[in-house]
Amino acid sequence: MSELIVIGYDDHDTAKNAYAEVQRLQSDFIVDLTGLAVVTVDDDGKQHVDTPGRIVSASAASGALWGALFGLLFLIPGMGLLLGGAMGALLGKLNKSGIDEAFRNRVHAMLQPGRAAVVIMAAKITEDKFAAALRPYGGEILQTSLSKEHEEELASELRAG
């Protein structure tokens, strides 16, 4: 099971410090990351994304899954757009896996101008140590889980598309 965690912050500096802490937690084996990014929103509402130079993921499929989930959370400007059949099928599978439109809308609502978020996809996480390490940074947490079955279905769908 993979965890998708989005932590929203009121300012960019706090988000960047929390992002650095998550990278440290990876090196301390408290979290096994398959994806990590910090998204900042400038005063004009434009999103900026920073990812670490290297995240060791379990497989190319999990890397593709991270890219697709990240893209669907942040890069699709509005769900009212006409989507191709493959994208529509992927969105349907995401909805069944727990990453539904309501979750995506909560992420978008969190990212207002001047705010930021750390986006984490983890294969494994030591929750008590992870929470204790990030507690000083505060933030609003949104979290959802992908079962191994749903993760494999989504990765398969991506490879087919």
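This is a short walk through the fold, the salt bridges, one buried glutamate, the largest pocket and one unusual backbone angle.

Hi everyone, thanks for coming. Please keep in mind that we are looking at a predicted model.

Let me start with the overall layout. The protein has six helices and five strands, and from the N terminus they follow the order β-α-β-β-α-α-α-β-α-β-α. There are 161 residues, and 40% of them are buried. If you take the contacts between residues at least 6 apart in sequence, 80% of those join residues at least 24 apart.

Now to the charges. How many salt bridges does the structure hold? There are three. Two of them share Arg 24, so let's go there first, because Glu 21, Arg 24 and Asp 28 are linked in a network of salt bridges. On one side, Arg 24 meets Glu 21 at 2.5 Å, N to O. These two sit three residues apart in helix 1, so about one helical turn separates them. On the other side, Arg 24 pairs with Asp 28, with the closest N and O atoms 2.4 Å apart. The three members differ in how much the surface sees of them: Glu 21 counts as buried at 12% relative accessibility, while Arg 24 is partly exposed at 37% and Asp 28 is partly exposed at 38%.

The remaining bridge joins Arg 115 and Asp 10, at 3.1 Å from N to O. This pair ties together distant parts of the chain, 105 residues apart: Arg 115 belongs to the loop between helix 4 and strand 4, and Asp 10 to the loop between strand 1 and helix 1. Is each partner buried or exposed? Arg 115 counts as buried, at 17% relative accessibility, whereas Asp 10 is exposed, with a relative accessible area of 60%.

Next, a charged residue without such a partner. Glu 3 lies in strand 1, which covers residues 2–9. Glu 3 is buried and yet has no salt bridge; Arg 106, the nearest side chain of opposite charge, is 12 Å away. What does the side chain of Glu 3 make a polar contact with? The partner is the side chain of Gln 143, at 2.7 Å. Setting aside neighbours within four places in sequence, Glu 3 also touches Ile 120, Met 121, Ala 122, Ile 125, Thr 144 and Ser 145, among its contacts.

Gln 143 brings us to the largest pocket, since Gln 143 is one of the residues lining it, including also Ile 125. The pocket holds about 200 Å³ of space. Strand 1, helix 5 and strand 5 each give two or more residues to the lining. Which element gives the largest share? That is helix 5, with four residues. From the lining as a whole, you can pick out Ile 5, Ile 7 and Tyr 9, along with Phe 130, Leu 134 and Ile 141, among them. Charged residues appear there too, including Glu 127 and Arg 135.

One last stop, on the backbone. Most residues other than glycine have a negative phi. Phe 29, though, has a phi near 65°, a positive value. Phe 29 sits in the loop between helix 1, residues 12–27, and strand 2, residues 31–41. Phe 29 is also exposed, with a relative accessible area of 75%.

That's my tour, and I'm happy to go back to any of these places on the screen.

Terms used
Residues numbered from 1 in each chain as written. Predicted model: local features only at pLDDT ≥ 70, side-chain atom pairs only at ≥ 80, totals over all residues. Heavy atoms only, no water. Buried < 20%, exposed > 50% of the residue type's maximum accessible area, 1.4 Å probe, protein only. Salt bridge = Lys/Arg side-chain N within 4 Å of Asp/Glu carboxyl O. Polar contact = N/O pair within 3.5 Å; in protein donor to acceptor, adjacent residues only side chain to side chain. Contact = heavy atoms within 4.5 Å. 1 Å grid on protein atoms, 1.4 Å probe; cavity = no way out; pocket = protein on both sides within 12 Å on 5 of 7 lines; lining within 4 Å. Points joined across faces, edges and corners; volume = space filled by probe spheres on them.
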